[in-house]
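Thanks for coming. I will go through one structure today, starting from a single residue and working outwards. Please have the sequence and the coordinates open.

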Amino acid sequence: MVPDAPRLLRADAARNAEKIVRAAREVFAEQGPDAHLDDVARRAGVGSATLFRRFPDKAALLRAVLDQQFGEHVRPVIEAAAADPDPASGLARVLAAALESVAADHNVLAAARAAGVLTPATGEEFFAALDALLARGQSAGVIRADLVPDDLHRLVVMLVSVLWTMDPQEDGWRRYLALVLDGLSPTGARPLPCPAPALRARTP
């Protein structure tokens, strides 16, 4: 084997993995939880054996799909928000980007939920970023001081749940995001009536 062959094989494997994940996003977006991995392999132009070598089951493939979606649509917004001199504006953009991504890939999320992929670990990076933005906003006095991270986590779950009650292709979720953002503002805020209850589980 020529010296560059292992590197070329790794590059080819990486390209195949990328094609598979891209194809999976399309197939799950079209078919939701009923999508078959054979359909993904055909869409990607690879054999089923190639797909299963990289992704042994639907859950593994969906985790890769979610990571790709997050990396393309939400992580860059988080990075920009971290440098925004207005923490409240940065937080608003991160929440909007997350909800827009969920709405655009509603069937993918439905498939992930059905496959048991949506665990607390799924949203770990996202919620950690929200915690940091919340702390910055409170330090700057632009987010109400009586919020704790669990409050914000629950509000995100509430906002995502709205999408299951409407046509996700519509922008109706923006109405509820605006209401939540108003509630985060210290302007005119009334004291919260009780401490935040213990958080049992988190899902994105």
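**From one residue outwards**

I start with V65, which sits in helix α4. Before going on, please note that this is a predicted model. V65 has a relative accessibility of 0%, so V65 counts as buried.

What does V65 touch, once residues up to four places away in sequence are set aside? The list is V21, A24, R25 and V108. For a distance in the other direction, take D86. V65 and D86 are 21 residues apart in sequence, while their C-alpha atoms are 31 Å apart in space.

Keep R25 in mind from that list, as R25 comes back several times.

Let me step back to the whole chain for a moment. There are ten helices and zero strands, so written along the sequence the pattern is simply α-α-α-α-α-α-α-α-α-α. The C-alpha atoms fill a box of roughly 70 × 40 × 30 Å along the principal axes. Of the 204 residues, 39% are buried. If you take contacts with a separation of 6 or more, 73% of them are between residues 24 or more positions apart. The chain exposes about 11,100 Å², and carbon and sulfur atoms supply 56% of that area.

Now the charges. There are 23 positive and 26 negative charges, and the mean positions of the two sets are 3 Å apart. In general, side chains of opposite charge can pair when their charged atoms come close. How many salt bridges does the structure hold? The number is twelve. I will show three of them.

The first on my list is R22 with E72, where the closest N and O atoms are 2.4 Å apart. R22 lies in helix α1, residues 5-31, and E72 in helix α4, so this pair ties together parts that are 50 residues apart in sequence. Both ends are partly exposed: R22 has 34% relative accessibility, and E72 has a relative accessible area of 33%.

Next, R25 also meets E72 in a salt bridge, at 2.9 Å from N to O. Here too distant parts of the chain are linked, with R25 in helix α1 and E72 in helix α4, 47 residues apart. Is R25 buried or exposed? At a relative accessible area of 12%, R25 is under the 20% cut-off, and so R25 is buried.

My last example is D39 with R42, a salt bridge of 2.3 Å from N to O. These two are three residues apart in helix α2, residues 37-44, and so they are separated by about one helical turn. D39 is partly exposed, with a relative accessible area of 21%. R42, at 59% relative accessibility, counts as exposed. Salt bridges with shared partners also join E18, R22, R25 and E72 into one network.

Back to helix α4, which spans residues 58-73 and also holds Q69. Q69 is buried, with a relative accessible area of 3%. Leaving aside neighbours within four places in sequence, Q69 is in contact with R25, V74, D105 and V108. R25 and V108 were on the contact list of V65 as well.

D105 deserves a closer look. Where is D105 placed? D105 is in the loop between α6, residues 87-104, and α7, residues 106-114. D105 is buried yet has no salt bridge. Which side chain of opposite charge is nearest to D105? That is R25, 4.6 Å away. A salt bridge here needs a nitrogen within 4 Å of a carboxyl oxygen, so this pair does not count as one. What the side chain of D105 does have is a polar contact with the side chain of Q69, at 3.3 Å.

One more residue, in helix α7: A110. A110 is buried, with a relative accessible area of 16%. Apart from neighbours within four places in sequence, A110 is in contact with P33 and W164. A110 and W164 are 54 residues apart in sequence, and their C-alpha atoms are 9.4 Å apart.

To recap the R25 thread: R25 touches V65, is in contact with Q69, and forms a salt bridge with E72. R25 is also the nearest side chain of opposite charge to D105. That is where I stop.

Notes. Residues are numbered from 1 along each chain as its sequence is written. This is a predicted model: local features need pLDDT of at least 70, side-chain atom pairs count only at pLDDT 80 or more; totals for chains, interfaces and linings use all residues. Side-chain values use heavy atoms; hydrogens and water are left out. Helices (H or I, at least four residues) and strands (E, at least two) are DSSP runs, numbered from the N terminus. Buried means under 20% relative accessible area, exposed over 50%, partly exposed in between (1.4 Å probe, protein chains only). Contact means heavy atoms within 4.5 Å. Accessible areas come from the Shrake-Rupley method with a 1.4 Å probe; for residues, only the protein chains shown count as cover. Lys and Arg count as positive and Asp and Glu as negative; His and the chain ends are not counted. The place of a charge is taken as NZ of Lys, CZ of Arg, CG of Asp or CD of Glu. A polar contact is a pair of N or O atoms within 3.5 Å; within protein, one must be able to donate a hydrogen and the other to accept it, and residues adjacent in sequence count only if both atoms are side-chain atoms.
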